[in-house]
Amino acid sequence: MVRVLVVDDSRIDRDLVTHILSEREDLEVEAVESGAAALERLQTEPPDIVLTDLVMPEPDGLQLVRSLKAVHPDLPVVLMTSKGNEDIAMEALRAGAASYLPKSAFGPRLREVVEEVIELSEERRTQQELFGSLASSQCEFELGCEPRLVRPLVKHLQNAVMQLGWCDDSTCMQLGIALSEALQNALEHGNLEFSSEAREEGLEAYHRAIEARSRTEPYCHRRIRVEARIDQDAARFVIADDGAGFDPSTLPDPREQNHLELLSGRGVLLMRTFMDEVTFNEKGNVVTMLKRRPPPEDS
């Protein structure tokens, strides 16, 4: 049973999140009304994942993320955002939060985001003890329109970075989120040409549409090419799709007000937040992401 702790000073939002997540029988959901209550609860029985609002009486969401990462660095935290919280949300992501979700998108996306973060966290922990040490690693993949292969590939790339010994739990989690978003963008928006608004029809309908389109012409022949080069200093990933591309200059500025309320651009925002460098080619169908080795804490 996966334990989920929901932190929000709004009873309406606490009840809504609890109701949505409780529809999964393998989730045990507990809700508290403040960051202080959450920290007290963690002293007795830490959950497997925390969902927290940002704007609350002290400690607020940012302070809670920092406190959790200091005591429970492996514990994934998902931010629940609303309009006007852009700056604090970005700071919380950089402080170690695993992901975020606009409150306006609870219906179509809440369970999916929680499941993704839980699975990435659990998979990383179960594999970590198997890793050895390498001087460098590189690999290349070419995928068809197969959504089921995204998660195993992300896991493989996370493992490849962990093998080098410089990626801590929080960095590995954020690396996995960025890779997942880049691969899903290449598949869904690139090769299959779905817009972000297509999710508004409902998650099940969206996944059925993906499966159907991936078997039809011309989409079924399109490929995603992935190159990874990892050494003791950095990890570099290049992800290319066969889609029409897009104009990277049209991407929303993450500093603009209300940007976090939009599902459109969410993946690129997470990629840019969690990676040190993110660049697109002129056509917009190739993204290159760089993650440098964090400096020693005492430097």
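Two strands are taken to pair where DSSP finds at least two bridges between them. On this criterion, the predicted model contains an open sheet of five strands, arranged in the order β6-β7-β8-β10-β9 with antiparallel pairing. The edges of the sheet are formed by β6, which spans residues 136-143, and by β9, which spans residues 277-280, each of these strands pairing on one side only. From one strand to the next, the twist averages 10°.

The pairing can be followed across the sheet from the edge strand β6. This strand runs antiparallel to β7 (residues 224-231), and the two are linked over eight bridges; within this part of the sheet, L143 lies opposite I224 of β7. On its other side, β7 pairs with β8, again in the antiparallel sense, over seven bridges, and the connection between β7 and β8 is a hairpin of two residues. One of the residue pairs that define the register here consists of R225 and A240, the latter being the bridge partner in β8. Strand β8 is in turn joined to β10 by seven bridges, the two strands running antiparallel, and V238 is placed opposite T288 of β10. Strand β8 is also mostly covered, since seven of its eight residues are buried, that is, under 20% relative accessible area.

Helix α7, comprising residues 169-191, packs on the sheet and touches three of its strands, namely β7, β8 (234-241) and β10 (286-292). The direction of α7 makes about 15° with that of β8. The strand with which the direction of the helix is compared is thus one that pairs with β7 and with β10, both of which α7 also touches.

In addition to its packing on the sheet, α7 packs with helix α9 (residues 266-274), at an angle of about 145° and with the two axes 9 Å apart. The crossing of α7 with α9 is left-handed. On the α7 side, the contact involves Q174, I177, A178, E181, A182 and N185, which meet R266, G267, V268, L270, M271 and F274 of α9. Classified by residue type, this contact between α7 and α9 comprises seven nonpolar, three polar and two charged residues. Helix α7 therefore has contacts both with strands of the sheet and with α9, where contact denotes heavy atoms within 4.5 Å.

Terms used
Residues are numbered from 1 along each chain as its sequence is written. This is a predicted model: local features need pLDDT of at least 70, side-chain atom pairs count only at pLDDT 80 or more; totals for chains, interfaces and linings use all residues. Side-chain values use heavy atoms; hydrogens and water are left out. Helices (H or I, at least four residues) and strands (E, at least two) are DSSP runs, numbered from the N terminus. Axes are lines fitted to C-alpha atoms, for helices over the stretch in contact, and angles run from 0 to 180 degrees between N-to-C directions. A crossing is left-handed if the near helix is turned anticlockwise from the far one by less than a right angle, and right-handed if clockwise. Ala, Val, Leu, Ile, Met, Phe, Trp, Tyr, Cys and Pro count as nonpolar, Asp, Glu, Lys and Arg as charged, and the others, Gly among them, as polar. Buried means under 20% relative accessible area, exposed over 50%, partly exposed in between (1.4 Å probe, protein chains only).
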